[in-house]
Amino acid sequence: MKTDEAIDIVRPHLKQNRFEHTLRVAETAVDLAENFGEPVEKIKLAAILHDYAKYFPLEKMAQIIKDNDLPQDLLSYHHELWHGPVASVIIEKDHGITDADIKNAVRFHTTGRAGMSKFETILFIADYIEPGRSFPGVEDVRRKAHTDLYSALWMALRNTIQFLVGKDSTVYPDTFYAYNDLTIRLNGGNGIHGQ
Ligand code: DGI
Ligand code: FE
Ligand code: FE
């Protein structure tokens with residue numbers, strides 16, 4: 001699939017600001033892929049498609065989760081998480097995308113997971129640091145992403161978990177698994193300070 005084709009697929013489903021976010025994620029992801037040696041055309045496709053299902057009606061997303069090979073526990077957590085897994089199913093079913101890297105990057109861009117590939121990490125980080133983002137701590141993650149992708153991912157996950165806990169929200173287990181996995185891999189489970 002070509003970039004233009006992917007854009008034509010998602011554009012009707014996105015509001016203008018979300019479409020612009022999508023293009024910024026694609027640009028950011030391409031920069032990271034060039035820097036860290038991942039396939040550029042593939043990451044561009046994953047980025048363009050990542051928020052495809054963002055504005056699907058909740059009932060439609062819930063039905064897709066029920067009818068497909070996706071974790072049913074998603075339905076017990078915040079519906080903001082659903083659009084990644086849902087999009088990963090729809091891009092294959094409706095648009096023939098079978099590439100596992102693209103599908104997994106789209107699927108896990110909302111929650112993360114333990115053992116994220118470099119390709120998945122690039123999309124996750126690009127979504128977090130694209131130039132339109134302004135949440136607290138994003139500048140530190142941006143800086144880190146130039147040199148150390150996995151430390152940047154760890155910081156992004158920590159920020160998200162802190163943000164969610166700070167507002168008494170649940171945290172989906174995969175987000176914790178992603179955080180714990182990196183904490184152990186990066187520093188033997190003793191925490192990472194001084195960044
Ligand atoms: O779709 P975007 O706005 O570009 O960003 P996203 O796909 O990362 O949105 C997921 C949002 O969902 C995230 O910014 C915070 C919220 N959220 C709610 N519960 C959880 C959660 N995020 C994670 N990672 N884990 C949760 O359990
Ligand atoms: Fe998203
Ligand atoms: Fe996004």
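Donors are N, O and S atoms within 2.8 Å of the metal. This is a predicted model.

**The iron site**

By that cut-off, the iron ion (ligand 3) has the protein donors His21 (NE2), His50 (NE2), Asp51 (OD) and Asp127 (OD). They lie 2.2 to 2.3 Å from the ion. Their spacing in sequence reads H-x28-H-D-x75-D. There is a second iron ion, ligand 2, and aspartate 51 bridges it to ligand 3. The two ions lie 3.5 Å apart.

How exposed are the residues of this region? Three relative accessibilities are tabulated here, each with its class.

| Residue | Relative accessibility | Class |
|---|---|---|
| Histidine 50 | 0% | buried |
| Aspartate 51 | 2% | buried |
| Histidine 109 | 5% | buried |

The cut-off explains the last column: buried means under 20% relative accessible area. Histidine 109 has 5%, so it counts as buried.

**Histidine 109**

Histidine 109 sits in the loop between helix 6 (100–107) and helix 7 (118–129). Its side chain makes a polar contact of 3.1 Å with the side chain of histidine 83. Beyond its neighbours within four places in sequence, histidine 109 is in contact with His50, Asp51 and Asp127, which are among the donors of ligand 3. Its other contacts on that count are His83, Gly84, Leu123 and Phe124.

**Helix 2**

Helix 2 covers residues 16–36. Does its length fit or miss the expected span? At 1.5 Å a residue, its 21 residues should span 30 Å; the end C-alpha atoms are 30 Å apart, so the two agree.

The donor His21 is one of the buried residues of helix 2. The others are Arg18, Phe19, Thr22, Val25, Ala26, Thr28, Ala29, Val30, Leu32, Ala33 and Phe36. The buried residues pack against helix 1 (3–10), helix 3 (40–49), helix 7, helix 8 (138–147) and helix 9 (149–166). Just after the helix, glycine 37 takes a positive phi of about 70°.

**Helix 8**

Which residues of helix 8 are buried? They are Val138, Val141, Arg142 and Ala145. Seen down the helix axis, these fall within an arc of 105°, so they line one face. The general rule is that an α-helix has 3.6 residues a turn, so residues three or four places apart point the same way.

The face turned away from the buried side carries the exposed residues Arg143, His146 and Thr147. Cover for the buried residues of helix 8 includes helix 2, helix 7 and helix 9.

Methods: Residues numbered from 1 in each chain as written. Chains lettered and ligands numbered in written order. Predicted model: local features only at pLDDT ≥ 70, side-chain atom pairs only at ≥ 80, totals over all residues. Heavy atoms only, no water. Helix = DSSP H or I, 4+ residues; strand = E, 2+ residues; numbered from the N terminus. Buried < 20%, exposed > 50% of the residue type's maximum accessible area, 1.4 Å probe, protein only. Polar contact = N/O pair within 3.5 Å; in protein donor to acceptor, adjacent residues only side chain to side chain. Contact = heavy atoms within 4.5 Å. Expected span 1.5 Å × (residues − 1). Donors = N, O, S within 2.8 Å, 3.2 Å for Na, K, Ca; no water. Arc of directions from axis to C-beta.
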